[in-house]
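Subject: Structure handover

Hello,

Here is the structure I said I would pass on. Please look through it before reading the notes underneath.

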Number of protein chains: 2
Amino acid sequence: MHSSLTKHPSVLFQPSGKTVDGSLGNVMDIARSIAVEIDAPCGGRETCGKCRVIVREGAEYLSPFKDAEGRFLSDSEIATGYRLSCCSSILKGGRVVLEVPPESQLGIQRLLAGGMEPDVTLSPVVTKAYLELPWPGAGDLRADTDRFLQVAGEKLGLNKVSIGYDVLKELPRVLREGDWKLTCALKGGEVIDIESGDTKERIYGFAVDVGTTKIAGYLVDLLTGKVLTSISTLNPQMKHGGDVITRIAFASKAQQNLEELHKSVIDAVTNMISEACGKLDLKQSEIYDVVVVGNTAMHHFFFNIDPMSVGKSPYAAVVERPLNVRAKDLGLGVNKGACVHSPPNIAGFVGADAVADIIATEIHRAEELTLLIDIGTNVEIILGDRTGLQACSTPAGPALEGAEISCGMRAVEGAIESVWIDPKDMTVGYRTIGRDARPKGICGSGAVDAIAEMLKVRLISNSGEINRNGGMGRVRVQNGKREFVIALKDDTSIGKDIVITQEDVRQIQLAKAAVFTGVLMSMRHLGVKESDVKKVYVAGAFGTYLNPQSARNIGMYHDIPLEKIRFVGNAAGAGARALLKSSTLRDEARDLARRIKYFPIGDEPDFQNDFMNALYIPHKDLELFPSVKRLLG
Amino acid sequence: MHSSLTKHPSVLFQPSGKTVDGSLGNVMDIARSIAVEIDAPCGGRETCGKCRVIVREGAEYLSPFKDAEGRFLSDSEIATGYRLSCCSSILKGGRVVLEVPPESQLGIQRLLAGGMEPDVTLSPVVTKAYLELPWPGAGDLRADTDRFLQVAGEKLGLNKVSIGYDVLKELPRVLREGDWKLTCALKGGEVIDIESGDTKERIYGFAVDVGTTKIAGYLVDLLTGKVLTSISTLNPQMKHGGDVITRIAFASKAQQNLEELHKSVIDAVTNMISEACGKLDLKQSEIYDVVVVGNTAMHHFFFNIDPMSVGKSPYAAVVERPLNVRAKDLGLGVNKGACVHSPPNIAGFVGADAVADIIATEIHRAEELTLLIDIGTNVEIILGDRTGLQACSTPAGPALEGAEISCGMRAVEGAIESVWIDPKDMTVGYRTIGRDARPKGICGSGAVDAIAEMLKVRLISNSGEINRNGGMGRVRVQNGKREFVIALKDDTSIGKDIVITQEDVRQIQLAKAAVFTGVLMSMRHLGVKESDVKKVYVAGAFGTYLNPQSARNIGMYHDIPLEKIRFVGNAAGAGARALLKSSTLRDEARDLARRIKYFPIGDEPDFQNDFMNALYIPHKDLELFPSVKRLLG
């Protein structure tokens, strides 16, 4: 005892590295005092269980466990050192190290901490070189093209330099305007563009992830590899259906429909590029390379390839191999010599975006069995390690992305991202993205959170039915359907209540059952158990604001220790950026895709039955979810 | 004597092979009786000297030489066996073989006899193959593209088959419409188009020679190598200048001017293709390959390459190497997978058409020193043999093609192609293309003929001035300028007189002086004399109807024995057809062009002076033209 009395108290928070000296008292308060953000929707009332920290050092200086903590933490988590920050205090001096785990970090901070910018050695496909040419004269009657190609070959040390027709046409003007000094953009030995004077410092690329619901784009400096800006927009194809099957059906009706879907996504991406370039004062023609990823249907629409075969049995892709298509041929507003690269698709329902996920998370190099779940309208599930990977997919629909639910919206400012219900008085607390913003609607993660909380306080049953008598007046019937009010209209910025309807619960049930069943089939197909899976990557923008406990509590994935889960945000986008920066990775992606074993989950035995059981919240068999069982008491 | 009495008279005409038995009498009459066409504008009055035949056998059965013949035939020609058919008769029995030399054949017959369809081993760049693919099913989920490429690779025995984006897009539709049976058009290992079912018998190409004044096109069956139809039209760029320099100046004024010149020639060729396909009931999309030749400026305009540098010193081309440009990128109306190939240019003023000339005439394989003169608005002159070739060019202007002379027209039906003037009474005789057609105008060869005849009867002086007192009333003054009436308005189909004006004479003088000086510089540069040249090819549509004596008499080329001259018509077009049929020849043309030595004739010493002397008719130094001297008495 006497030795500890002499010790000076100090707390180090990870991963932020922030330290506070000499403070005793409640951990949540100490964290707030130095602006370490810990998720706590109940505000420290010990009722939400989300303000988790892991005690990495100095557990002996903390207050003893409270009963409330036992409700929210599993035995293995307790053994690891998990505490709830609202329930624990530092009682005496000594060094304490506390880790704020990803699930307790707030939204985007969680991803930033996750560092989903894979470390890539820069080897862009397009480079630039500055050249000075000798003038023509009586003794040197070489044609412009020969003059240029000969000098370029010598100075660049290339055996063979070629020049396409589009560039060749510009040569006489560019040479003369630049006084025979020019910069060429090169793709291998091919000159894809030429510019008068020295412009070799200005070389950019654009990576884009075309999701069924959302499109995310990234403008990258190809000289430094830095992401200069990112931009996102809704996929304008949404008006022709929220899911890929509806869009494929629309496209099949008439040739011009396919054309329309194609053109709308190309135009959307061109607009993003224009906006990104505007922000940074670049010309669109300074974008020399584009990488696009998306699921197979989005990929086919982007490239104007009829995806009819993707929409019906046996659901084959039209093209799997990597594509390199002239941006000009697609009508994309970038440099006219630029190509659009897509990594390979794996199957009709596992697209180039899944390959990008793998590239970003590097699970093809993982030593341990790793699971990757990319949650979007379509959910791709990759399972394996460096010895081999297996892929499948399952359609979750757009609900998890905030679409097609009654008050749904994208996860942008004003969206309710987190919900908490006080079991004592059914008070509803929520947090919006942008913190001080008044709510406009609810995003996918908010809806998942709301349903998990509603389950916790028994406002919905195991089968997902809203309890008509619950909620202290917050449950009501509108147009014959029950709904639960999350935010009252006076508190919103839209002048009406924000609610979760019975139909919304059904949408989320279908979505989460799809994810759960997909993972189940995946493990079963590979012959592994959930305990064999050592690491889980959850990808997709949806995961950015998702509370992983809530997701687990509604049964979106197995009752696995949260510490195994890592949220990686838009991994497909990160993979696209990596492929933009590295030609080596493109080769790797091509070879990798050939080795991934795809299986259709619909063909698995008991698939239908397992899916039906997974529709329950969290599952028909509550024994599979000991954490939830404990929570419900 | 007694033996010849017993002999039966027979005459064999070559190259037609027509024979007549038992006839005695005038050779021209005998020829006419069996429809052997011999040029004779004076109608047998012994005054035009054009009805030449060569007695190859049986000279002893013919009547003795007349004085009239001595005027028109040189000593070497007489020694070779030349006679005028109007002046010679078969007097007694025995076998006589008479050759109608090219210069005495009529227009197009002369070219047909010349056989300017070079003998090419068919090895087209594009071929077709028919394939049947296995259907996809549960056990075979290959993407359409992989399925197709794998089967194509196996069945065609190709290591690598590739498919471009444009074709790939069509694959799902074509495969399903054709019940997984399809035909692919292949360029090496690249699939450039696919069609449902078996279409392998339908594969065509188009060869086109873009002249400054005229465009000639040829539709070729790539399966047989046969030319199915040919078609020609005026170059619509004519309205922006008759010569290349004027057009380059126009193009230099504004970007849209270049675009306009480009588009007008592309549209003209597309119209020709459409017309040719219409005639033969083909689809334009069944044309899978195109070869285009033209002088460097025409080449650059066709490919939308700014030819500014061609228009000013040092007159360098923008591109010399062979081009292969997607027809689609040029807007040319053929199969969308087709490429347009151009053989290399040699210099700013010796273009791909000259390379095509060489390919057609094979002078790069010639054992003896050979001269090739391609007469168009621009005249290309190639001199050499299999050990090496030298090229230069000279601008003749459009007069020889019937343009920019007062009553000028192209060499089509109704054009006066041949003129004859009776020295006794100045009666003018003429022949039109289409024979019975009433004259509409005068084509280049007609104008050359007219001037040669005017010289013969001294209607023009050595300096080219029209003699105001000559012509028995046929020389008159209109608007202060002298002109000579060839056809009276009552005889024409246009209701006005057809005349040769003083200005027309000047145009022809400039043109013929350009040709003469070009040939002179060429021989001088190579260090050879005219007697060293063993063979002369005269190419260009202009030569089709040209009377070679007339051309020589006005001094267009040196006073060489006419038997050395071979008219090859549109050799550039023939070369283009050959290149369309043979990929081997394309390689040959590429290698060949690198070895041709170009020299600019303007840099030659005494060029200006020699040109001035050549403006005289036939030349300032009449001693250089002994044939003409004799003719003028």
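The notes below cover a helix of chain B, the contact between the chains, and a sheet region in each chain.

Please keep in mind that this is a predicted model.

Helix H7 of chain B

H7(B) covers residues 165–177. Its 13 residues, at 1.5 Å a residue, should span 18 Å, and the end C-alpha atoms lie 19 Å apart, so the expected and the computed span agree. The helix is bent nonetheless: at Leu171(B) there is a bend of about 45 degrees, with a proline, Pro172(B), following within four residues. Both Leu171(B) and Pro172(B) belong to the buried residues of H7(B). The others in that group are Val167(B), Leu168(B), Lys169(B), Glu170(B), Val174(B) and Leu175(B), so charged side chains are listed there too. Their cover includes helix H6 (144–156) and the strands S9 (162–163), S10 (181–187) and S11 (190–196), which are elements of chain B. Just past the helix, Asp179(B) has a positive phi of about 55 degrees.

The contact between chains A and B

Chain A and chain B each give 31 residues to the contact. On the chain B side, two or more residues come from each of H6, H7, helix H11 (308–311) and strand S16 (323–326). H7(B) gives the largest share of that side, 6 residues. Sorted by class, the chain B side holds 18 nonpolar, 9 charged and 4 polar residues.

The sheet in chain A

Three strands of chain A make an open antiparallel sheet, in the order S24-S25-S26. S24 (475–478) and S26 (498–501) are the edge strands, each pairing on one side only. On average, neighbouring strands are turned by 45 degrees against each other, direction ignored. Between S25(A), residues 481–487, and S26(A) there are 4 bridges, and Glu483(A) faces Thr501(A) of S26(A). Helix H14 of chain A (residues 502–526) packs on this sheet, where it touches S25 and S26. The direction of H14(A) makes about 60 degrees with that of S26(A).

The hairpin in chain B

In chain B, strands S24 (residues 475–478) and S25 (residues 481–487) run antiparallel and are joined by 4 bridges. One of the pairs is Val477(B) with Arg482(B) in S25(B). The hairpin has 2 residues between its strands, and Asn479(B) takes a positive phi near 50 degrees there.

Regards

Definitions and conventions
Residues are numbered from 1 along each chain as its sequence is written. Chains are lettered from A and ligands numbered from 1 in the order in which they are written. This is a predicted model: local features need pLDDT of at least 70, side-chain atom pairs count only at pLDDT 80 or more; totals for chains, interfaces and linings use all residues. Two strands pair if DSSP finds at least two bridges between them. Axes are lines fitted to C-alpha atoms, for helices over the stretch in contact, and angles run from 0 to 180 degrees between N-to-C directions. Two residues are in contact if their C-beta atoms, placed from the backbone, lie within 7 Å. The expected span of a helix is 1.5 Å times one less than its number of residues. The bend at a residue is the angle between axes fitted to the seven residues ending there and the seven starting there. A residue is buried if 20 or more other C-beta atoms lie within 10 Å of its own, exposed if 12 or fewer, and partly exposed in between; C-beta atoms are placed from the backbone.
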